[in-house]
Amino acid sequence: MAADMRLAAARKRAPGSLVSQDESKHLVAPGDVITTDTGFMRGHGTYTEDEKLMASVAGEVERVNKLICVRPLKTRFNGEVGDVVVGRITEVQQKRWKVETNSRLDSVLLLSSVNLPGGELRRRSSEDELAMRDYLQEGDLISAEVQSVFADGALSLHTCSLKYGKLGQGVLVQVSPSLVKRRKTHFHNLLCGASIILGNNGYVWIYPTPAQQDEEAGGFFTSTEPVPLCDREVISRLQNCILALSAHKVLLYDTSVLYCYESSLAHQIKDTLKPEVMEEIVMETRQRLVEQEG
Amino acid sequence: MAAVQMSEAEKVYIMHGVQDDLRVDGRGCDDYRHMEIETDVVSNTSGSARVKLGLTDILVGVKAEMGRPKLEKPFEGCLEFFVDCSANATPEFEGRGGEDLGTEIANTLYRVFDNGCSIDLKTLCICPMEHCWTLYVDVLLLQCDGNLFDAISVAIKAALFNTRIPKVQMIEDEEGTKEIELSDDPYDCMRLDVENVPCIVTLCKIGHRHVVDATLQEKACSMASLLVAVTKKGTITCVRKVGGGSLDPESVFEMIETGKRVGKALHTPLQEILRKEESLGKKRRKVGFLG
């Protein structure tokens, strides 16, 4: 019960030996010169000044043949078609919802792109339009897929599959979008007893594994049954693990999250919030990931 | 304060968790997040402190200036509070947006310290009715992650502990004119006794239970909170209710009891940390803002 107080300590550098890499990454800060060779095409995150190619964001330099671009570490979500996102409804407009997905513009979820309850396929009528707020209100969380990208860069989402839809009870963790690894699937039922959705936009949703797969189409029904204590402990531990991994800039995918969870079992859940415990857990996770790759 | 939007299901999850004494990050209802404290971060103040509680970041600077004592208290110095909500914390604080919250916090601080025993203001008197030390306590909100009052009160206590007021002497001439003489040694200073400075504990009522050190998400689920300012000995200097909801008398009594217990437990580790930091002396590596 005693409050944990400590003196401020400087951040420590991660030991370079643990990071597995073939050649050293070319990391740049804004204003750094990438190259003086004029034969390259410049991509995102670069600009030219006096025949030199300079970086405008802080990140890693990527080179594809003649194209040079800089991929920043901390950025807004740049959506591609097919990305899985977790978003929050900010506005209910005529025939569409505005969804906040940590990108530069609010994404759009059209009424025609959602599943109606009952799984019926029919034209959306004016009654559906008036009942929009019954389906999704301001503040609700949804999981969706990016259908297309508008000309101004806004994303158009859809929930036309049974696995997408309104999210029920659980915990949302916000991390940087560049830390979520692109994989074949972003919905995982972890062995430790909880389920997780790793949104490409950096929003990670942790929730108790549903007891049986619901037949409800569209997923607009959310239960308010209390979640059992054992599930809650798993969810809290996972949340702290994800925060620890993101604080130490480790890529998030199902294996890294699971390894981190297993390393954290040695400590109490509330101790995993302390910086030194976070560091220990992440070091162990990194080691196991390196062993697994090697 | 910056409010975070949440869905109904998330709020239900948080409320059920609080009933079971297991909050979202694994803490119990009486646990604080870990706090980082550093004093003497601003060089041109008499004393300063920076406190980080989770993501909440508070910077307090104390400046001692000479002024006239108040007419109704001629033998005492004064304590003035000013709270600045910087736009760094949220875009809502841009321009004059943070003024309301700032004045609310400053008024609460005046109430908390407005008693004879928190700070002995008589030690700040130089010459009764003519000169006294006025301590201007400036609080800067750098980042907002819930539980502002607790972090601010801990930072103020640390900054007051760190405050060094130069020793002055009143010298009277043969003609009767009084002069103030400052001692030649710049390190010859007077320190304040912060034994009885209270710490504020915020208790948020969520469902049927109350929690200490609520995050922004937990704050969004609670309708009413109680602020209790507690000294090391367990004396309560101020009780204030914030929020739009109502509290019935039994829960108020329970919350005050919890506040007293948790508040008393805050002071001991804080004193230890401050003494440890001071004992490091010149060897201490200052972390500051770029650490």
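## Interface of chains A and B, and two loop residues of chain B

In this predicted model, 39 residues of chain A are in contact with 36 residues of chain B. The size of an interface is often given as the accessible area lost when the parts come together. Here the area buried between chain A and chain B is about 3,300 Å². Carbon and sulfur atoms give 63% of that area.

**Polar and charged pairs**

Between chain A and chain B the count is three salt bridges. One of them joins the side chains of A:Arg88 and B:Glu10, at 3.0 Å from N to O. Ten residue pairs, both members at pLDDT 80 or more, are in polar contact across the interface of chain A and chain B.

On the side of chain A that touches chain B, at least two residues come from each of these elements: strand 1 (5-7), strand 9 (84-93), strand 15 (171-174) and helix 3 (229-247). Helix 3 of chain A gives the most to this side, namely seven residues. Sorted by class, the side of chain A that touches chain B holds 20 nonpolar residues, ten charged residues and nine polar residues.

**Strand pairing between the chains**

Strand 1 of chain A and strand 1 of chain B run parallel and are joined by three bridges. Within this pairing, A:Met5 has B:Met35, in strand 1 of chain B, as its bridge partner.

**Positive phi in chain B**

Most residues other than glycine have a negative phi. Two residues of chain B are set out below with their phi and accessibility.

| Residue | Phi | Relative accessible area |
|---|---|---|
| B:Asp21 | about 65 degrees | 36%, partly exposed |
| B:Met129 | near 70 degrees | 56%, exposed |

B:Asp21 is not a glycine, yet its phi is positive. B:Asp21 lies in the loop of chain B between helix 1 (8-19) and strand 1 (35-39). The strand that follows this loop, strand 1 of chain B, is the one joined by three bridges to strand 1 of chain A. With a relative accessible area of 36%, B:Asp21 counts as partly exposed because the value falls between the cut-offs of 20% and 50%.

B:Met129 is likewise a residue other than glycine with a positive phi. Its place is the loop between strand 5 (125-127) and strand 6 (131-143) of chain B. B:Met129 counts as exposed because its relative accessibility of 56% is over 50%.

Note on methods
Residues are numbered from 1 along each chain as its sequence is written. Chains are lettered from A and ligands numbered from 1 in the order in which they are written. Side-chain values use heavy atoms; hydrogens and water are left out. Helices (H or I, at least four residues) and strands (E, at least two) are DSSP runs, numbered from the N terminus. Buried means under 20% relative accessible area, exposed over 50%, partly exposed in between (1.4 Å probe, protein chains only). Contact means heavy atoms within 4.5 Å. Buried area is the accessible area (1.4 Å probe) that two parts lose on being put together, summed over both. A salt bridge is a side-chain nitrogen of Lys or Arg within 4 Å of a carboxyl oxygen of Asp or Glu. A polar contact is a pair of N or O atoms within 3.5 Å; within protein, one must be able to donate a hydrogen and the other to accept it, and residues adjacent in sequence count only if both atoms are side-chain atoms. Ala, Val, Leu, Ile, Met, Phe, Trp, Tyr, Cys and Pro count as nonpolar, Asp, Glu, Lys and Arg as charged, and the others, Gly among them, as polar. Two strands pair if DSSP finds at least two bridges between them.
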